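Work through the exercises below with the model open beside you. Try each task before reading its solution.

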Amino acid sequence: MKIIPPNCPYPKDLAVLAIAIDGEARIIVSGDDDLGADDDLRVIMASYSIQLLGVNSFLKYLDESNESE
């Protein structure tokens, strides 16, 4: 099923969002400050169970995941 990505003010990111939704990704890691800083977009993507994380946040997430194992 092809998913139409949420209305995103950053057209270059639409393909990434659509692929993440369609592929049922859990996390998008991006160095793109626009993508990660958009609170409305974070909420919309969370409705698809997808987190938007910057590189440092993702590394912290990995550390915390490894500690809990």
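Helices (H or I, at least four residues) and strands (E, at least two) are DSSP runs, numbered from the N terminus. This is a predicted model, in which local features need pLDDT of at least 70, side-chain atom pairs count only at pLDDT 80 or more, and totals for chains, interfaces and linings use all residues. Residues are numbered from 1 along each chain as its sequence is written, and side-chain values use heavy atoms, with hydrogens and water left out.

**Exercise 1. The order of elements**

Task: State how many helices and strands the protein chain has, and in which order they run.

Solution. Start by counting: there are 4 helices and 2 strands. Then read from the N terminus. The order is α-β-α-α-β-α.

**Exercise 2. Confidence**

Task: Find where confidence is lowest and where it is highest in the protein chain.

Solution. Begin with the scale: pLDDT is the predictor's confidence in each residue, from 0 to 100. The protein chain averages 83, and 84% of the residues score at least 70. Next, go element by element. Helix α2 (residues 33-37) has the lowest confidence, with a mean of 68. Strand β1 has the highest, at 93. Where pLDDT is low, the predicted coordinates should not be read in detail.

**Exercise 3. The nonpolar core**

Task: List the residues of the largest nonpolar core, and name the element that gives the largest share.

Solution. Fix the terms. Buried means under 20% relative accessible area, exposed over 50%, and partly exposed in between (1.4 Å probe, protein chains only). A nonpolar core is a set of buried Ala, Val, Leu, Ile, Met, Phe, Trp, Tyr and Cys residues joined through side-chain atoms within 4.5 Å.

Now the chain as a whole: 26% of its 69 residues count as buried. The largest core holds 9 residues: Cys8, Leu17, Ala20, Ile21, Ile28, Leu41, Met45, Ile50 and Leu52. Two or more of these come from each of α1 (14-22) and α3 (39-46). The largest share, 3 residues, belongs to α1.

**Exercise 4. One side of a helix**

Task: Explain why the buried residues of α1 lie on the same side of this helix.

Solution. Pick out the buried residues of α1: Leu17, Ala18, Ala20 and Ile21. They span an arc of only 165 degrees around the axis, so they sit on the same side of α1. The arc is that of the directions from the helix axis to the C-beta atoms.

**Exercise 5. Positive phi**

Task: Place Glu24 and Ser49 in their loops, and give the phi of each.

Solution. Recall the background: most residues other than glycine have a negative phi. Take Glu24. Its phi is positive, near 55 degrees. Glu24 lies in the loop between α1 and β1 (27-29). With a relative accessible area of 69%, Glu24 is exposed.

Turn to Ser49. Its phi is also positive, about 65 degrees, although Ser49 is not a glycine. The loop between α3 and β2 (51-53) holds Ser49. Ser49 is exposed too, at a relative accessible area of 55%.

**Exercise 6. An aromatic pair**

Task: Decide whether the rings of Phe58 and Tyr61 are stacked or edge-to-face.

Solution. Rings of Phe, Tyr and Trp (its six-membered ring) pair if their centres lie within 6.5 Å; planes under 30 degrees apart count as stacked, over 60 as edge-to-face and the rest as tilted. By this rule there is 1 aromatic pair. The ring centres of Phe58 and Tyr61 are 6.2 Å apart and the planes are at 20 degrees, so the pair is stacked.

Look at the backbone next. Phe58 and Tyr61 are 3 residues apart in helix α4 (residues 55-67), which separates them by about one helical turn. Phe58 is partly exposed, with a relative accessible area of 24%. Tyr61 is partly exposed, also with 24%.

**Exercise 7. Contacts across the sequence**

Task: Name the residues that Phe58 and Gly54 touch beyond four places in sequence.

Solution. Contact means heavy atoms within 4.5 Å. Phe58 is in contact with Ile27, Val29 and Leu53, leaving aside neighbours within four places in sequence. The C-alpha atoms of Phe58 and Ser30 are 9.1 Å apart, although 28 residues separate them along the chain.

Gly54 lies in the loop between β2 and α4. Not counting residues up to four places away, Gly54 touches Val29 and Ser30. From Gly54 to Asp32, the C-alpha distance is 7.6 Å, with their positions 22 residues apart in sequence.
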